[in-house]
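Welcome, and please open your viewer with the selection panel at hand. We will go from stop to stop, picking residues and looking at what surrounds them.

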Amino acid sequence: MKKHIVLLFTVIISSLVAVQPALAQEQQQSPTLVLISNVNIFDGKTETLQKDMHVLVEGNLIKQISKEPLMVIQTDNVSIIDGGGRTLMPGLIEGHGHVMFASDLPKLLNQDEFEQGIHAARRVNDYLMQGFTSIRDCGGNSFGVKRAIDQDIISGPRIYPSGAAIGQTSGHGDFRSNVDGHPFYDGVDNGGVVNKWKHTLIADGTDEVRRAVRDQLFRGASQIKIHTGGGVTSFTDPLQAAQYTPEEIAAAVEEATRYGTYVMTHSQMNNSVVASLDAGVKSIEHGLVLEESTVKRMAELGVFYSPQLFLPLQPTAGNPMFQDPIQQAKLKVVAEGTRNAIALAKKYKLTILWGTDCFFGSAPYSAFTQEFAYRDEFFTPIEQLKQITANNAKVLALSGLKNPYPGAELGVIKEGAFADIIIVNGDPTKDIKLLMDANNIGFIMKDGKIYKNTLK
């Protein structure tokens with residue numbers, strides 16, 4: 001009998017010893033918890049703040065939001081943060097960025113892709129420290145930078161890349177000099193330095209357009225960017241010039257749709273916007289010279305409207321991005337149409353996105369948050385906050401099968417959403433300009449990871 005008891009005791013002890021490492025491993029792998037208490041919440045959609053709230057983050061998701069205090073057991077994987085009555089809101093979303101164009105143009109033209117990547121790494125970190133946890137990159141070979149962020153090699157926002165912006169010969173994306181070769185006529189690799197690094201692609205005819213779209217989807221594009229009209233930056237295309245035939249635009253839309261995503265288009269003038277709508281484009285970028293019938297149609301089709309006001313409304317002489325007389329003449333046309341376009345967009349209740357179109361070096365980037373101030377003329381703080389969170393998140397989700405971050409919502413504070421969160425000193429629903437100063441953002445979380453916490 002004693003022998004059996006001893007044997008049973010030995011088996012029990014052995015089992016407990018065997019379980020110990022498993023329990024330790026399970027405890028070690030349990031998700032981190034972050035409890036944020038005593039905050040007023042702007043949830044991305046609601047007009048008013050939810051006062052005196054508490055938010056629990058588990059792993060990379062928002063687990064619980066409560067009016068009542070939440071209790072957690074303090075362990076190594078638990079952080080407890082007192083919001084001190086500040087405003088908690090979704091991480092900001094840049095709706096029209098260009099992270100690869102982080103250097104002044106003369107420097108950019110003489111950099112190889114490795115140096116460009118290093119400058120872009122600095123730019124995305126700066127974006128994150130300004131409170132931006134997602135970027136829709138609207139043209140540029142940002143795939144490698146995105147992968148480095150996703151692998152936690154560098155810090156930066158989530159990137160929804162378009163890859164190379166696709167345009168016709170002599171179109172807005174054709175940045176060759178007049179001595180550069182052409183990929184078709186001269187067999188030069190896409191011709192020109194900007195094209196060479198796959199920031200833009202020249203594609204003519206429906207077959208080339210289809211191939212260009214498919215290639216960017218292969219490389220990891222979330223959505224496709226094309227040029228259907230003239231631009232301010234480029235020199236060889238008149239602003240009013242319609243670019244791409246209806247068949248070419250339709251080919252791009254068809255290929256993107258096959259892959260479950262959408263096409264955005266650079267379209268400043270009314271004629272190019274109309275052509276884009278005819279073909280099924282879902283997001284109009286810029287679109288600052290518009291007729292009322294066109295805006296009404298955009299509303300009926302549910303098309304996203306992505307204007308940028310800092311550049312056209314800033315006096316041309318002081319604009320750090322457009323100093324050439326050709327560029328300034330084009331910018332003047334756009335500036336003259338801007339107020340009318342925004343008034344029409346508000347009249348027909350378009351889904352308006354928030355973006356800056358900031359590129360070329362530190363001078364424009366250091367001033368890009370002036371977009372808040374320029375929009376302040378047209379939109380209430382709540383309207384801007386919705387644009388830079390929930391509205392922008394809707395267009396990110398439109399990438400569908402090509403969404404690089406599926407599984408949860410962005411741009412909102414709700415249970416089950418991704419834990420992309422910032423905490424602001426003060427109330428941006430009353431004063432949107434608080435978001436212009438990174439010092440007013442005391443807490444930054446992306447995907448459940450804390451990147452900044454200066455709360456006292």
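Start by selecting Ser170, which is partly exposed at a relative accessible area of 36%; here buried means under 20% relative accessible area, exposed over 50% and partly exposed in between, with a 1.4 Å probe and protein chains only. Ser170 sits in the loop between β9 and α5. Helices (H or I, at least four residues) and strands (E, at least two) are DSSP runs, numbered from the N terminus. Check the backbone of Ser170 too: its phi is near 65 degrees, a positive value in a residue other than glycine. Most residues other than glycine have a negative phi.

A word on the model before moving on. This is a predicted model, in which local features need pLDDT of at least 70 and side-chain atom pairs count only at pLDDT 80 or more, while totals for chains, interfaces and linings use all residues. Residues are numbered from 1 along each chain as its sequence is written, and side-chain values use heavy atoms, with hydrogens and water left out.

**Same loop, then a similar backbone**

Stay in the loop between β9 (165-167) and α5 and select Arg176. Arg176 is partly exposed, with a relative accessible area of 21%. Add Thr236 to the selection: the two are 60 residues apart in sequence and 9.5 Å apart in space, C-alpha to C-alpha.

Now jump to Asp447, in the loop between β17 (441-446) and β18 (449-453). Asp447 has a positive phi, near 55 degrees, and is not a glycine. With 31% relative accessibility, Asp447 is partly exposed.

**The whole chain**

Zoom out and colour by secondary structure: the chain has 14 helices and 18 strands. Of its 456 residues, 53% are buried. Among contacts (heavy atoms within 4.5 Å) between residues at least 6 apart in sequence, 68% join residues at least 24 apart.

**Two buried polar side chains**

Select Gln223, in the loop between α6 and β11. Is Gln223 buried or exposed? Gln223 is buried, with a relative accessible area of 0%. A polar atom of its side chain lies 3.0 Å from the backbone oxygen of Tyr160, and the side chain of Gln223 also reaches the backbone oxygen of Pro161, at 3.4 Å. Show everything that Gln223 touches, leaving aside neighbours within four places in sequence, and you will find Arg136, Asp137, Ser162, Thr261 and Ser399 among them.

Follow that list to Arg136, in strand β7 (residues 132-137). Arg136 is buried as well, at a relative accessible area of 0%. Its side chain joins that of Glu285 in a polar contact of 2.9 Å; such a contact is a pair of N or O atoms within 3.5 Å, where within protein one must be able to donate a hydrogen and the other to accept it, and residues adjacent in sequence count only if both atoms are side-chain atoms.

**The nonpolar cores**

A nonpolar core is a set of buried Ala, Val, Leu, Ile, Met, Phe, Trp, Tyr and Cys residues joined through side-chain atoms within 4.5 Å. Select Ile166, Ile224, Val263, Met298 and Tyr305, which touch the most other members among the 45 residues of the largest core. The elements that each supply at least two residues of this core include α6 (205-219), β11 (224-227), α7 (246-258) and β12 (263-269). The most comes from α11, with six residues.

Centre on Ile224: not counting residues up to four places away in sequence, Ile224 touches Ile166, Val213, Leu217, Ala256 and Val263, among others. Another core, of 34 residues, lies apart from the largest one, and Val99, Leu108, Phe360 and Val424 are among its members.

**Helix α9**

Met298 leads to helix α9 (residues 292-301), where Thr294, Val295 and Met298 are buried. They are on the same side of α9, because they cover an arc of only 100 degrees around the axis, taken from the directions from the helix axis to the C-beta atoms. Ser293 and Glu300, on the other side of α9, are exposed. The buried residues of α9 pack against α8 (270-279), β13 (283-289), β14 (304-306) and α11 (325-347). Just after α9 comes Gly302, with a positive phi near 70 degrees.
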